[in-house]
Amino acid sequence: MIFPFTAIVGQDEMRRALILNVIQPSIGGVLIMGEKGTAKSTAVRALAELLPDIEVVKGCTFNCEPDGFLCSGCLERLKKNESLERERKKMRVVELPLGITEDRLVGTLDVEHALKKGEKRFEPGILADANRNFLYVDEVNLLEDHIVDLLLDAAAMGVNTVEREGVSFVHPSRFILVGTMNPEEGDLRPQFLDRFGLCVRISSLQDRASRMEILKRRAAFDAHPEAFLKEWAEEQRALARRITDAQQRLPAVSVTDFALERIVEITTSLSLDGHRGDIVMMKTAQTFAALKGEPSISMEDICEAAPLALRHRMRRLPFEEIGKESDRLSEVISGISMGI
Ligand SMILES: [Zn+2]
């Protein structure tokens, strides 16, 4: 039994970042940085219960999107004139364990079977399970380099290709990457850091009332988990409904020139590399607007989106202390919102 997402005390920014990604997966995931024992993993695992359904090709292990990019298996079925039926499946949180092997990640191809029988037999890996789902890596900064490279490749292409002795198998692999890490235990490579759409930093709650509430809820859950889940069921249903409502409203939220100008004003003031920050910030602000039921992106949405989308993309200035780049970001944002 999993502790309910809505019963987590505080850590609003982390919860919001996760929910935004459920509503709009193309935001590109979230990196959660914080010391041990700050409910990072609890929150990610608890997210599973709130995830909506997606439409997939019936019987396909790779969750192929019926009108999207199809795996080699679905293509073979089409070639044989089989029709691809559709079904609805709940999105999941798939975990990637730290010591994973390359084969377990990308999957393996049975070449002998292909040569003898003329048909492809593919043993799916985690990248197959992860397609259109959340892919969660706890202690992501401890992941081995060659595994990170494979993840980066799949994330950049949106597909996973396994090739052996002239036989190949291809399947879509678009996942929402969620990583948690304790920054005291090492950094992430800049290319990997940039792959995460959003970044949140969390710390343990310091006020007494919140800490007591954490203890009370934990004790209640441990003593009578079923009763506790029942108590939070309505809250959980309400949040799941807010998520699906926001998803439906999202395409209609207009992105005005006013909003784009403000976004670019912020990103150019910070001299960021590349354009990924701008794009993620726009999508995040749009998703905030959808969540609040607004017709277009407001300045408030932009101010809320900026730290989530930009914090981990800012270069530290020479002699600047760790964490001080966030102060610089806040100054820029408040300067711009005061100016309008
Ligand atoms: Zn398929």
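Colleague: Hi! What is the area buried between domain 1 and domain 2?

Modeller: Hello! This is a predicted model, and in it the area buried between domain 1 and domain 2 is about 1100 Å². Carbon and sulfur atoms give 52% of that area.

Colleague: Thanks. Where do the two domains run along the chain?

Modeller: Domain 1 covers 27-202 and domain 2 covers 250-337. Taken over C-alpha atoms, their centres are 28 Å apart.

Colleague: And how many residues of each domain are in contact?

Modeller: On the domain 1 side there are 10 residues, and they are in contact with 12 residues of domain 2.

Colleague: How many salt bridges does the rule find across that interface?

Modeller: The rule finds 2 salt bridges between domain 1 and domain 2. As for other salt bridges, I can come back to those. There are also 7 residue pairs in polar contact between the two domains, counting pairs with both residues at pLDDT 80 or more.

Colleague: Which elements supply at least two residues of the side of domain 1 that touches domain 2?

Modeller: Helix 8 (190-195) and strand 11 (198-202) each do. Strand 11 gives the largest share, with 4 residues.

Colleague: How do the residues on that side divide into nonpolar, polar and charged?

Modeller: The side of domain 1 that touches domain 2 has 6 nonpolar residues, 1 polar and 3 charged.

Colleague: Changing topic: how many salt bridges does a search of the whole structure find?

Modeller: That search finds 23. One of the pairs is E55 with R86, whose closest N and O atoms are 3.2 Å apart. E55 lies in strand 2 (residues 53-57) and R86 in strand 3 (residues 86-90), so this pair ties together parts that are 31 residues apart in sequence. Another salt bridge joins R276 to D194, with the closest N and O atoms 3.1 Å apart.

Colleague: Nice. What about rings, how many aromatic pairs does the structure hold?

Modeller: It holds 8 aromatic pairs. Take F3 and F221: their ring centres are 5.2 Å apart and their planes are at 80 degrees, so the pair is edge-to-face.

Colleague: And where do F3 and F221 lie?

Modeller: F3 is in the segment before helix 1 (12-23), while F221 is in helix 9 (residues 208-223), so the pair ties together parts that are 218 residues apart in sequence.

Notes. Residues numbered from 1 in each chain as written. Predicted model: local features only at pLDDT ≥ 70, side-chain atom pairs only at ≥ 80, totals over all residues. Heavy atoms only, no water. Domains from an automatic or database assignment. Contact = heavy atoms within 4.5 Å. Buried area = accessible area lost by both parts, 1.4 Å probe. Salt bridge = Lys/Arg side-chain N within 4 Å of Asp/Glu carboxyl O. Polar contact = N/O pair within 3.5 Å; in protein donor to acceptor, adjacent residues only side chain to side chain. Nonpolar A, V, L, I, M, F, W, Y, C, P; charged D, E, K, R; others polar. Phe/Tyr/Trp six-rings, centres within 6.5 Å; stacked < 30°, edge-to-face > 60°.
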